[in-house]
Each structure stands twice: as C-alpha cells, then as structure tokens.
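Please find below a colleague's note on the strand pairing in this entry. The points are numbered for ease of reply.

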Amino acid sequence: MEIIKITVAKGIHWVEIPRAGLRILCGCPMDSVKHLMKRGLIISTEKKGVPCETGPNAILLSDHMLQNGELANLGEFPVLQMLYKQGLIIPNHPNNTGLKPLLIGLAEQVHAQMQYIYRGNYGLVSREEIEAAGVDPETATAMMRLKLRFAFGAIRSSDALLDTCVVGDGEVEIRDGVRIRRRRRNVYEFSYDGETVSVDLNLAPGERYESAYPLGFQSLPREYFAVVQSGEGDGWDVNRPSMSSVLMFHGKIYLIDAGPNLFANLLALGIGIDEIEGVFHTHAHDDHFAGITTLMRSGRKIHYYATPLVRSSVEKKLAALLSIEEERFGEFFEIHDLEPETWNDIEGLEVRPIHSPHPLETTIFIFRSLWQDGYRSYAHFADIVALDVLEKMITDDPSRPGIDRAYFERIRAEYLTPATLKKLDIGGGMIHGVAKDFKHDTSERILLAHLARELTPEEREIGSNAPHGMMDVLIPGQSDFARRSAFAFLQSALPDIPIHQLRILLNNPIVHFKPGMILLKEGERPKNLYLILTGAVEKIRTSENYLGRLYSGTMIGEVPALEDKPARYTYSTACFAQALEIPALLYLELVRRNDFTAHIARNAEMRAFLQASSLFAEGVPDPVLSRVAEGLQPRCLPAGYVIPCLDMTWLNLIASGRVARTLDGERVEILEARDHFGEETSVFGLPCMYRFQTLVETTLFAIPAARLRDIPIVRWKLFEGYHERAARMIHAGNDEALFRWNPAFDIQILEMDIHHKRLLEIVNAIIGILRSGEGRQSLEQALDSLVKYTEYHFDAEERLMERYGFPDLEHHKNQHRLLERELEAFREQLKEQDDLQAVGFKKFATNWMIGHILEEDRGYSAFLNARGVY
C-alpha cells in the first residue's frame, strides 16, 4: 500500500505517502491537532537524541471557509506544531531540512489562510496600526519594540514560514510524484505510483465538528458574583478545554474568551447561547478565539468587551479568515471598547484590563464588585510571560527590540496584584507564565491553568488546578434570578397582558430537567407549557430529518395548545435545563380573557412556520421570532413569474411552490418550501446577483430586512450562503460576460483585495441586470450600490496610504476623484440611453476598475508590503 488514509473525525482525514515523506492533515477545523494526538498520529519521540514530535507536514484546506456556521480552516495550531514541536523551523534541529510546512487548496483559501496565520503570529504588525487603535505614538513605539523582541527582530510574511500548493481545475503535483485533483466541491483525490484515494471534507447538513474530549454535564445555579472554571488546558491538552472562565454577575452570564469547541463546552455547563450577556476577550490566538463564531450564532447581539488594541487584532484576523471587511464584526456584536489600565464600570461590575507582554495584543483582566467588607475580586491572567524571560528583554538602547526596566517593574507589580481569586497561565516557555513568579502572591486563592500536564509538587505549593465546571462564589446571591428572567420573558412575549395576570403565570413552579429528558413528545397534546430559562432543548422530527435547538425565552407546547392539536415535534433537553412550568389551560384562559387568542394563535402559527425553515430552526428566542412573524407579508405569484430585483429589498421565504435561481438564463438552483432568497440586497445592501422565476404557483412570505439585521444567527446563516455563492461567481464558472477574479488582480493587501472582490461582485450584478432587461429602476439601485461602495473603498484606501506616509498619495487621490467623475458621467449617459442592452458597461468597468487595480494600486501595495502590511 503506497497511500495510507485514516478517517480521524468528522471533516478530518489523514493521508500519508511514506515513500514520498508526505503526511497530509486533510481538513483543519478547531482542535484538529488534538484529534491527531488522540489517534496516535502525533506522538512524542526523539530524532538523533533531540526530543520532538511526529505529525503532519502538509494541510489540505477545505473549499469552504465555513461549514454549518463553524470555521473550517484553522491552521494556526497545526502549523505551530510543525514549526516548533516537530522542529521544522528550529535552528540545527534534525527535522529542519529546509522543507517548510505546506498549505494545499484553492487559491482563495490558501491566500486567506496565509493572511490569517500572519495575523495569528503577530496581531497588529506596525506602529501605525497600533496608533490607529488609539494608542499614543510613544506607547505604540514601545509596544512595537516588545513585539519585535518576541518576533526575534523582524515581522516575517507567512511565505517565509510556509510553502503553498494551489489546486485549480486540473491535476497538480504536490511533491515527489504525489499528485492531487479536485473532483468536486470539497472532495479531493490523491494519486501516487498508480494508487489513488479520495477524501471528502464536507459535513452533512446539521453536522458539527467534533470535540476532541468528552465533557460531563453540569447543573450550575445562577449567582450574584461567581466564577465557573470552563477551561484549564492549553491548545495541546487533549483532555480539557483551553483556559477560559465563565463569570456570573447579577445572575447574568459573561464569558472570558471564546476558545475551541465553545458550543460543546457551554452545553456541558448547561448554558444556552442566548443566556450569554457578554464576552471579555484577552487576545486573538486560536485557543482563545476559535469559538468566536459560536457567539455570532446568537438570537441577539452579545456584548463584546475588549480594549481597542485587542478588538482591532481580532477584527483583522477574522477578516482574513472569512475575506470580509473588518467593520462587519460589529454587525454580530454589541461592541464596547474598554479603556486600558483603568476601572471600567459595566452595570456595577468593574473591570480593569491590563496590557500583558505577548507576541500579539493581549490584556489580562481584574474584575471586582463592591460588597460588605470592601471589594471581592477575580483576576484572570491569560496569557502572561515568565518574569525571567521578560527580564532578559530589558535593554537600555531604545532603538533595539525589547523593553525598559520601568516597564518590567510595572508588569511584575501588576502580576502580584492580590485578588479574592486569581487564575494564572503557567504554560511556561518563551510566551507563557510560570508558577514560581507568584510564590509570594497574597491572593486568597490561586488557580493554575494553561498547561497540558499535571501540576508539580512545587506548583501545588503555590496554587491548585480546578475541575471543569467548578464554581467559586465570591458574593452569594439572595435573589431568584430564574424567576426574574421568567418575568422578563413573559412580559416580552405578552406585552399587552396586565402585569397582575402575568404574575399568575409567574406563580408556577420552576422545574429542573436532566439531559435527555423529554418535555413533549410528537403526537401528544401538551398539559403544560414550558418557558425555557436556562440550558438548551432539542426540537426533533426525524420523519422530516429536522433537528433544531431552542434556548432561553422559548415557550414549548404553545402552538399545539393554541391549535388544540397534537405536537408535531418532540422536545428533549440537550443538557441540564430549567423551565417555568405553566398549565396549558391556565395560559389559554388568560389569553382568552384578554381577547388575544386569534392574534397569538396567528403569531404562533407564523413562528412555527419560521422555525421549520433552516434559517430560523435554532437560536432565535420567541420574543424575537414574534417580531419577525408580525412583519411577514404574504405574496401569491403565478407560475412563470420573473421576480424583479426591486422585490429583493425584502428577504423572501417560500411557503409553498418552487422558484428557480438563474444566472444569465441558466438554472443554478431550485428553491422549494422553507428556502429563502434575496439576502444580497435586503440584508447586505448589494445588487441582486441572480434572477428568480417561479416554476409553479408560489406563495412567499416577505420579511422586512430591518427585522433581521440585529439577529446575529440569522444574519450569520445568510452570510454563509451569500458568501459561498459570491465566491463561486467570481472564482469559478465559464461565463465570459462576467468578471472572474484573476490572481493578477491580487495586490497582496488583504483589506483592499477584499474591497476589490466586493466591487467585482457589484459589477457582475450590474451586468446581470443589464442582460436580463430588468429596467432602469433596478439598474439605478445597483449603480447606487456601486457608487457607495466605491466611495467607502477609496476613503479606506486613502486613509491606509496616509497612515504610512505613501509618497504618491496626492496623485492617487486625484486618480480616485477622476474615477468618481467617470462613474458619474457614465450614469448620466445611461439616462439618455434608450436601449440598455446596448450599454457597454463591461468595457467601461474594465477600463475603470481593472485598469486602476493593475496600474495604480500596485504602486502603493509594494510600498506597504515592505512595511509589513499584507
């Protein structure tokens, strides 16, 4: 056997060709290294007496940036394992043969991965970027000196560390006779010496990437001020989640960091996504960052707390991974910038972020709350550096990478700030802390974390570890937080019912459920309704291959009770959960007394319809879903009806019938009941890329886009589908009338390349409108989008050049003003054109946009690349 193939986990495979010395990790979602370690594909060994690890030396990337809402390509830790634990980059190491780790995949995925790894290594890469995050020039210079010291004197582009192999339409040689061919979307075939194997990196609908470690279920009471240990390990620990904590304050849930497998971690702790009030973010390394997309799948915007420095580095890393504008981060979170080195008050919870020495922008946090005898506090110190390592960075020469003595003393003093409870990173090495630095720490209790081994006796003299789910109550709660939440949910769901009647509903028992308990079975008539307060409940109907998840604020059993019919779904707890148990007859009587039966029944029917679609199947609380249901506008369309672009200002959800999605007259996809379309224009503000035509008589529900913009999980699902189609349009296909992204257009500045691709999408949409004969109004709307995005892009480009002092800035600005005038002149010509089919828009766009990218933008790209901006 020349080729060895092993299925490691969902979406992860191992392909090895021993004679060619090639070991390929196929698929690298979060914690893929831990999966390899669990399967014995990474083990500790020695080579010529030097300790090291085995493992892959190449990665095959997924074609999809996202699969079922989760990041599919997270190569940061696999690459770190190759470079440092295998020794491929370590001087004089026997594994350092000059061969670099290899990234394999589609051009757009390889490029995105190189940019993401670059940002994962360094965060912000220049003094100018640090200043743009609000830091004064003197401090920015000092921060850059520290960063360069961690980087051994220079910021290096990813191609200095990694090789790439781009797979196109045909067969490509990887190395030493091993060849690869892309058979179809996310399916690849390897061949060597007459033997072939295939790997399929696709996840089935509804599938999630697996956790590398099992976690037992916990039932946690909500407290006034408490800390729950949600992670004690590091990026290499195969048995525990990475260092993180859950903070409870006034009964609300806050996370500290968002590490890998966050969904499974929260489920084990009995916490639903919609219970999370906010997340405090220390930094953007994957073991603290990879779960960020889980939080973007909430039914409302979660508050995001970080210093501007950390937020900026997170935005840039996520933008690289997903090829999106950095500003889009704010579409999924309620952003709150924290002022560093001072106390920030968040509704009584005080938090002090402190800059921590690390290769990229990092803060440690101290949280405190006033209590009877003063403050009770929690210090979360991830990631920190050993003081002896930091002290070796001291230099008296301000021109050299390093730090001054005053900075070192300040950090040492900050580290020893006493707290009621303190959790420390003691991972050791060049970039993590050590326990001995805290031998004289006067904190009441110290927890030691961020490592993949047992504590030594010396470490246990200083602190202790903590099992997953352990809670430290700093201030005990005397309030009934669950009943308080229940009242808020009832008031939101039934706003017109008098408060004294809501109290009747509230005066029912709060029941506790273990994981796997059935609340209501398909075919049963509900005797009780259950208002979910904590945890998660699965909604199941196997006959339709349906599985959804419901979180806090959802009322189970309401629809069948109002309709007086058996339940169509089975509801089963996914973890420990609490719910307010309301007798169905009591609920129906109060609804009847207020003459709301018809209204609530209609709303409940619409909510049930929405929840039956993939777009609303999980994570949207009933009060939010009710507002969407209230805005649904039904439309009945005859067979053969061509839906104009003007109708795309609403998101369309098909109730019955079939609709063809077409591109230049060719069917791309057939949409059926519960499918949706129109998000490009309605939600993302871009011209419609496709045309739509009913195949049979069809009923649609049109949803006002304004009702969806602040529902992150819906927006995230819409983005995933839109992004996939947009990428296919500009990277693949044979339609010569449309523009395709050419590697020659790539100017090696991530932010600007993203902008140029978006402009290309808009231009292609305009070409489609002209070819379809849509009419002037649709064309005018599309041209408005082009004008607005052009202005946004030119402004960002000019600010970037100005930030770095590009010497030819004024000439470039003049070129922009000329292009704006040319675009406006073209719009004026269109007004006088009777035959829109005769408009030579593609020729205009070629000269107007492509010429500028190839001729003008390359001038500043080389200038910025030389300053570490990619």
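Which residue in β2 is the bridge partner of T7?

1. The model under review is predicted. The bridge partner of T7 is H13, which lies in β2. This contact belongs to the pairing of strand β1 (residues 4-9) with β2, an antiparallel arrangement over five bridges.

2. Two residues separate the strands in the hairpin of β1 and β2, and G11 there adopts a positive phi near 80 degrees.

3. Strand β2 also pairs with strand β3 (residues 22-26), again in the antiparallel sense and over five bridges. Within this pairing, V15 has I24 of β3 as its bridge partner. The hairpin of β2 and β3 has four residues between the strands, and G21 takes a positive phi near 65 degrees in that hairpin.

4. As to the burial of strand β2 (residues 12-17), five of its six residues are buried, so β2 is largely enclosed by the rest of the structure. The cut-off for "buried" is under 20% relative accessible area.

5. Further along the sequence, four strands form an open sheet in the order β36-β43-β38-β41, with antiparallel pairing. The edges are held by β36 (633-637) and β41 (676-677); each has a single partner strand, so one side of each is left without a neighbour in the sheet.

6. Inside that order, strand β38 (residues 650-656) is joined to strand β43 (residues 698-704) by six bridges in the antiparallel sense. Opposite N652 stands A702 in β43.

Note on methods
Residues are numbered from 1 along each chain as its sequence is written. This is a predicted model: local features need pLDDT of at least 70, side-chain atom pairs count only at pLDDT 80 or more; totals for chains, interfaces and linings use all residues. Side-chain values use heavy atoms; hydrogens and water are left out. Two strands pair if DSSP finds at least two bridges between them. Buried means under 20% relative accessible area, exposed over 50%, partly exposed in between (1.4 Å probe, protein chains only).
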